[in-house]
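Subject: A structure for you to look at

Hi there,

Here is the structure I promised to pass on. Have a look at it first, and then read on for what I found.

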Amino acid sequence: MTPWLAKRCCKRSNFVDAGYVTQLSDVIGVVTDMYSTRFHLSQQARRGMLALGACLSERRLAWLRNGLGSLEQGHWLARHGWVPNVKDRFAVFTAALDLVKGHRPLYLEFGVYKGRTIRWWSNNLNCDQARFVGFDTFTGLPEDWRHDARRGSFNAGQIPLIDDPRVSFVRGLFHEILPDWTPPDHDQLIVSVDCDLYTSSREVLDWLDPHLSPGTLVYFDDLFERDHEPRAMTEWLQRHRHRVHPLVMGRWGHHLLLEYR
Ligand SMILES: C[S@@+](CC[C@H](N)C(=O)[O-])C[C@H]1O[C@@H](n2cnc3c(N)ncnc32)[C@H](O)[C@@H]1O
């Protein structure tokens with residue numbers, strides 16, 4: 001990568017260290033050049049990669065996969081509008097709050113655990129007719145997610161106690177409860193996908209499709225495990241290519257808020 005291009009990337013992403021970007025892109029350049037060279041070298045490159053892979057631990061491989069996920073996210077953002085980055089999920093929610101224009105907003109949270117984020121919404125969305133519905137098994141993840149978050153992680157043990165009559169919960173597995181669940185009357189939908197797993201996120205997004213309308217906000221909490229939420233999000237974005245626009249990200253792509261237009 002030329003210094004000029006590195007500077008341009010940095011400017012676009014608001015990232016200050018052009019030297020760092022150049023170093024990273026040099027490594028990527030070497031790998032992709034080796035692969036794209038025809039005949040022997042690309043075979044050599046594959047052979048080298050196999051040898052390298054043989055020495056890598058599961059954890060390092062996961063880092064590489066997730067690094068590729070960040071590259072893909074940067075690629076997508078550059079083509080759909082680079083967005084501001086904020087400190088954490090609550091700063092993303094604060095930005096989302098400014099976009100809640102309806103008088104009867106409906107906030108749906110898929111993945112509640114102990115209720116930290118749904119509580120934030122009930123405390124901060126001051127609108128009498130707002131409704132907040134949280135969906136969860138409350139017994140933890142139905143499948144393994146990461147090496148340090150296996151099936152049963154995030155077992156809350158009970159439904160959270162939230163002293164707000166606008167808040168309710170639906171208990172069970174998404175694929176069992178969603179087909180029979182009808183959303184209450186609303187004029188704007190805000191959806192939080194915070195269920196970590198690919199299958200769970202995909203079930204939520206499939207269910208969501210017929211309920212989307214202009215102004216719907218969709219928040220993804222965990223976009224750092226490429227094979228999980230990002231994979232489900234990418235498939236969903238492919239279905240709604242021209243209608244979904246990024247608005248703000250948190251922790252450099254760990255969280256992302258999108259709007260359906
Ligand atoms: C990371 S936690 C949610 C964190 C939460 N939003 C907070 O404020 O702390 C993920 C939750 O998703 C739930 N979950 C994942 N897949 C699910 C599924 N298919 N059906 C129901 N709940 C699911 C798990 O039980 C777990 O409580």
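Before we get to the ligand, here is how the residues are sorted: Ala, Val, Leu, Ile, Met, Phe, Trp, Tyr, Cys and Pro count as nonpolar, Asp, Glu, Lys and Arg as charged, and the others, Gly among them, as polar. With that sorting, the shell around the ligand contains nine nonpolar, five polar and five charged residues. In total, 19 residues surround the ligand, and the closest are Gly111, Arg116, Thr117, Cys195 and Ser200. Please keep in mind that this is a predicted model.

Now for the protein as a whole. You will find nine helices and eight strands in it. Its C-alpha atoms fill a box of roughly 65 × 40 × 30 Å along the principal axes. Of the 261 residues, 28% are buried. If you take the contacts with a separation of 6 or more, 70% of them are between residues 24 or more positions apart.

One residue to click on is Leu173. Where is it? Leu173 sits in the loop between strand E4 (167-171) and helix H7 (174-177). Is Leu173 buried or exposed? Leu173 has 14 other C-beta atoms within 10 Å, so it counts as partly exposed. Apart from neighbours within four places in sequence, Leu173 is in contact with Thr137 and Pro142. You can also try the distance from Leu173 to Leu141: the two are 32 residues apart along the chain, and their C-alpha atoms are separated by 9.6 Å.

Happy exploring!

How values were computed:
Residues numbered from 1 in each chain as written. Predicted model: local features only at pLDDT ≥ 70, side-chain atom pairs only at ≥ 80, totals over all residues. Near = placed C-beta within 6 Å. Helix = DSSP H or I, 4+ residues; strand = E, 2+ residues; numbered from the N terminus. Buried ≥ 20, exposed ≤ 12 C-beta atoms within 10 Å, placed from the backbone. Contact = placed C-beta atoms within 7 Å.
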